[in-house]
Amino acid sequence: QVQLVESGGGLVQAGGSLRLSCAASGGPFSRYVMGWFRQAQGKEREFVAAISRNGGSTFYEDSVKGRFSISRDNAKYTVYLQMNSLKPEDTAVYYCAACGEYCPGVYSAASYGYWGQGTQVTVSS
């Protein structure tokens with residue numbers, strides 16, 4: 001099965017930047033829509049960003065648009081999330097996810113069949 005491993009999380013001050021990476025293995029990476037989701041303590045998991053199979057289209061949650069940027073390198077089987085101008089409310093565990101051949105909706109967690117273990121991002125005031 002497809003395996004996803006996130007890295008790059010950590011502690012940063014408000015206004016700082018962080019770059020998350022998600023390495024995939026065990027499947028045809030270029031055929032998957034890839035997404036990032038996050039879950040803050042005591043809150044529901046929410047959509048952050050997604051990118052199409054060839055990288056031609058990107059999608060963002062309104063609160064991160066203009067601050068975050070998703071990208072992918074299919075040759076390296078890796079998807080990235082560049083996070084700039086971080087705010088304390090961005091604090092959460094960030095998960096990467098893969099949507100298979102059939103991806104009915106990039107904004108919905110239910111559309112994604114494969115998930116990583118998550119990486120903690122903490123933004124201090």
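# A guided tour, starting at Tyr-32

Select Tyr-32: leaving out residues up to four places away in sequence, it touches Val-2, Gly-27, Arg-53, Arg-72, Ala-98, Cys-99 and Gly-100. Keep in mind as you look around that this is a predicted model. Where along the chain does Tyr-32 sit? Its place is in the loop between strand S3 (18-25) and strand S4 (33-39). Is Tyr-32 buried or exposed? Its relative accessible area is 8%, and buried means under 20%, so Tyr-32 counts as buried.

Now add Glu-101 to your selection. Tyr-32 and Glu-101 are 69 residues apart along the chain, yet 6.4 Å separates their C-alpha atoms.

**Next stop: strand S9**

Two of the residues that Tyr-32 touches, Ala-98 and Cys-99, lead us to strand S9 (92-99). Select the whole strand. How many of the eight residues of S9 are buried? Seven of them are, which leaves S9 mostly covered.

Then bring in the partners of S9, one at a time:

- Show S4, which runs antiparallel to S9 and is joined to it by seven bridges. Look for Met-34, whose bridge partner in S9 is Ala-98.
- Show strand S10 (114-115). S9 and S10 pair in the antiparallel sense over two bridges, and here Ala-98 has Tyr-114 as its bridge partner.
- Show strand S11 (residues 119-124), which pairs with S9 in the antiparallel sense over three bridges. Ala-92 stands opposite Val-121 in S11.

**Into the loop after S9**

Follow the chain onward from S9 and select Ser-111. This serine lies in the loop between S9 and S10. What does the side chain of Ser-111 reach? It comes to the backbone oxygen of Gly-105, at 2.8 Å. Not counting residues up to four places away in sequence, Ser-111 touches Cys-99, Cys-103, Pro-104 and Gly-105. Its relative accessibility is 12%, so Ser-111 is buried too.

**Over to a four-stranded sheet**

Now colour S1, S3, S8 and S7. These four strands form an open sheet in the order S1-S3-S8-S7, with antiparallel pairing. Which strands are at the edges? They are strand S1 (3-7) and strand S7 (68-73), each of which pairs on one side only. Turn the sheet and look along it: from one strand to the next, the twist averages 15°.

Zoom in on S7 and strand S8 (residues 78-83), which are held as an antiparallel pair over six bridges. Ser-71 is a good place to stop, since you can find Tyr-80 of S8 standing opposite. While you are here, show the side chains: in a regular strand they alternate between the two faces of the sheet.

**Last stop: the nonpolar cores**

Select Trp-36, Leu-81, Met-83 and Tyr-94. The largest nonpolar core has 28 residues, and these four touch the most other members. Which strands supply at least two residues each to this core? They are S3, S4, strand S5 (46-51), S7, S8, S9 and S11.

Centre the view on Met-83 and switch on its surroundings. Leaving aside neighbours within four places in sequence, Met-83 is in contact with Gly-16, Ser-17, Leu-18, Leu-20, Arg-67, Phe-68, Tyr-94 and Val-121. You have met Val-121 already, as the residue in S11 that Ala-92 stands opposite.

To finish, select Phe-37, Ala-50, Ala-97 and Ala-109. They are among the ten residues of another core, which lies apart from the largest one.

Conventions. Residues numbered from 1 in each chain as written. Predicted model: local features only at pLDDT ≥ 70, side-chain atom pairs only at ≥ 80, totals over all residues. Heavy atoms only, no water. Buried < 20%, exposed > 50% of the residue type's maximum accessible area, 1.4 Å probe, protein only. Polar contact = N/O pair within 3.5 Å; in protein donor to acceptor, adjacent residues only side chain to side chain. Contact = heavy atoms within 4.5 Å. Pairing = 2+ DSSP bridges. Axes fitted to C-alpha atoms, helices over the stretch in contact; angles between N-to-C directions. Core = buried A, V, L, I, M, F, W, Y, C linked by side-chain atoms within 4.5 Å.
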